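Colleague: Could you take a close look at the salt bridges for me? I am new to this, so please go step by step.

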Amino acid sequence: MGKGGEASDPTAAGNLQDDAAYTPFLQDSFNATEFASDALAGSHTTAQAQTRMLQDRIQGLQLSLREEVLRRRPEVLQQAAQLRDTETAMQGISLTVETVQSALQRAKALIMEPYGQLQLKTQQLRNLHSTVEILRHVIQRLKLVTKLKQQIDAKSGGYQDLAKAAKLLADIDIIGSEADLAGIDVVEADSEFLHSTWQDVQGQAEAALQHGIETLSQAEVGSALQVYFNLGLLRKAVSDPLDYHTRQFGSSIKDTLDPKKLSAGAGSPASTPDGSRPGHGHATTKWQEHLWQKLGMLMEKLRVSIVAVWHMQRVLAKKRDPLTHVLFIDECLDETSPLPSEHIWTSLTALLTEGLAAAAAPVKGGFIREALTTHYPRLAALLEETFRRIVQDTDVKGVMPAVTAEQQAELIDTASPFQNAYLGASLTRMSDAVTAAFPGTSRTLTSSAELQKCIARMHDEVRVVADSPRLSALTARTVGKALQLMAEKAEYMTFAGPEMRQVGGPSSSGQQRNMRLCSQLQEVHRSLLTLLPRMQPHAAAALMAPLEAVQAVAIEAVMPIFKAMVEAAEEIILRLHSEGFADEGQQGMTQASAYMQALTTHLTHCRAEYLSQFHPAPSPQVPSFVSALTERMACRVVVFFVRHASLVRPLSNDGKLRLAKVSACLCACLSVCLPACLPACL
């Protein structure tokens, strides 16, 4: 049977799996009840036959299993032997594990007691160390408190060395931050003393710093800053004066530019709630004087504040801590932070700009706006003088000044609304005067009184700002605009027509009009030209182009008359070629030539009818447009005569004598008719 099993097919188990009869039994979802129901329902045999069929299949299955076991008998025996060996090894391991567990239990019992003792001792050591540290801090604190008390003078109650007391206070504060000493009686007993001492030291340092800044004492400021440094409050020591001066200056601006307070200080109530008109006469004058007095005090406060902060900055830039050698200015400022002088300058100028802008507002400004606009040169002079004093007070060798020359414009620009209003009003005043003197129409020219008013107005505008180079240049540009307007209006008033070139008879009304207009423009030009040497260079340069425009209009107005006079003289001189200069021994040598007599008559007529009507008349003592034109006319006559006299051919000896005589007659004629131009022509 065994041999039969060994000879069985190895694929018998595989065949059973592939057999369709056994397939339903291999499914995971096999259900015996459902299988029996399906078998009975789907078969035509009886239940007994189905049962016998299943029993046959079971026997076949058992037979297959028997054959498979017999076929694999060696493997089964080998696995059984391995299981027996494994069981034996597991029994040995179990004994070893029990031995190890027993050893661990004994070790645990031996270690737990020393470990508990170690934890206890560690906690005791930790507590002891904390106690020692607290005691060390307390002892050190008590020593510092004792030293601090020794710094207090028993008689005066002051401090022997305020900086050292501040250092002791800072060290005590550091000890308190390193260890929690709350609840210790000996520490809390000194808390009130330390608090009051800290406040006292800080208060004395603040007072010393303020007094040192006010008196510009470097030693006192340096000592106060050292106290602040020791207390760890150096940044506060720098920021507090900046905030203090900024607040004080802002309050001063409001008091100065407040109409109600100004009225109360002047002792005369305003007629309107906004202070638009304080009154008239003596009341107005009193208001203005009080206003300027307050503005002067405001500018003085500005100077004092900037100089004070600059003085503190100067000490900060030089002072070093004697222990750490840290420079104070590096300690209190970051790399991007501005210097204290720059910070206070920016803050105060911004406040001043805001305050003056509010005062210049049409609704709120009222009388103050009117007074500062009308007297802006005085305000500008006050600002410039304040800046000059700041520069002077902070100009110390080896120390950075509080401000530079370029920053003057920033201070002046704070009053830019009043500057613009003043220059606009100045231009309006001069434009009105120019319009009154030169209406720009063809009607009769205005009187000399109106002209003198116009000139006087321009002189007044220039004279008021003569002391300020900057404002003088601005006003000069405004005067230049008025002169440009004058040139335009004078050009509109110039007469033009054919009669301007008719010089044979009496002067026409159009010629007289232009000559008078030229005289008026010449008077304006001459009057303002005399101011140029006394004006600032930039202001004088600003007037040159407008004066040249006025001069061009004046010359253009009378240029046709002078051209006509020159052309008529040239026509007379051309008669020279009709004279006989080739004949000898003529009897007419002693008599003047007819054309020379005609030239003399023409020049005499020009002087009487035209040149004499200019005011002032052409004269070598008084330079003028007319003198220059007359000189050019005379030079043209002489050049024209010489040019044609040199062309005379043939020319005998007697002719030469006659020609020389004619030349002498020409000189005599020019000396009589045009005496102002003879030296330049010859």
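Modeller: Happy to! A residue counts as partly exposed when its relative accessible area falls between the buried range, under 20%, and the exposed range, over 50%. With that in hand, take R457: its relative accessibility is 30%, so R457 is partly exposed. Please keep in mind that this is a predicted model.

R457 has a partner, E461, and their side chains meet in a salt bridge with 3.3 Å from N to O. Why do these two sit about one helical turn apart? Both belong to helix α19 (residues 448–464), and they are four residues apart there, so about one helical turn separates them. The two ends of this bridge have their own labels: R457 is partly exposed at 30%, whereas E461 has a relative accessibility of 3% and therefore counts as buried.

Now move on to another pair, E567 and R501. Their salt bridge has its closest N and O atoms 2.8 Å apart. Here E567 lies in helix α22 (residues 537–573), while R501 is in the loop between α20 (469–493) and α21 (509–529), so this pair ties together parts that are 66 residues apart in sequence. As for exposure, E567 is partly exposed because its relative accessibility is 37%, and R501 is partly exposed as well, with 40%.

Let us turn to a third bridge, which joins E75 and R72. The closest N and O atoms of this pair are 3.2 Å apart. With a relative accessible area of 45%, E75 is partly exposed, and R72, at 35%, counts as partly exposed too. This bridge also has company: E68, R71, R72 and E75 are linked in a network of salt bridges. When you find R72 and E75 in the picture, look for E68 and R71 as the other members of that network.

How many salt bridges does the model have by this rule? The count comes to 19. The rule itself asks for a side-chain nitrogen of Lys or Arg within 4 Å of a carboxyl oxygen of Asp or Glu. So the R457–E461 pair, at 3.3 Å from N to O, qualifies, and so does the E567–R501 pair, at 2.8 Å.

To go over it once more, one pair shares helix α19, another ties a helix to a loop, and the third belongs to a network. Enjoy tracing them in the picture!

Notes:
Residues numbered from 1 in each chain as written. Predicted model: local features only at pLDDT ≥ 70, side-chain atom pairs only at ≥ 80, totals over all residues. Heavy atoms only, no water. Buried < 20%, exposed > 50% of the residue type's maximum accessible area, 1.4 Å probe, protein only.
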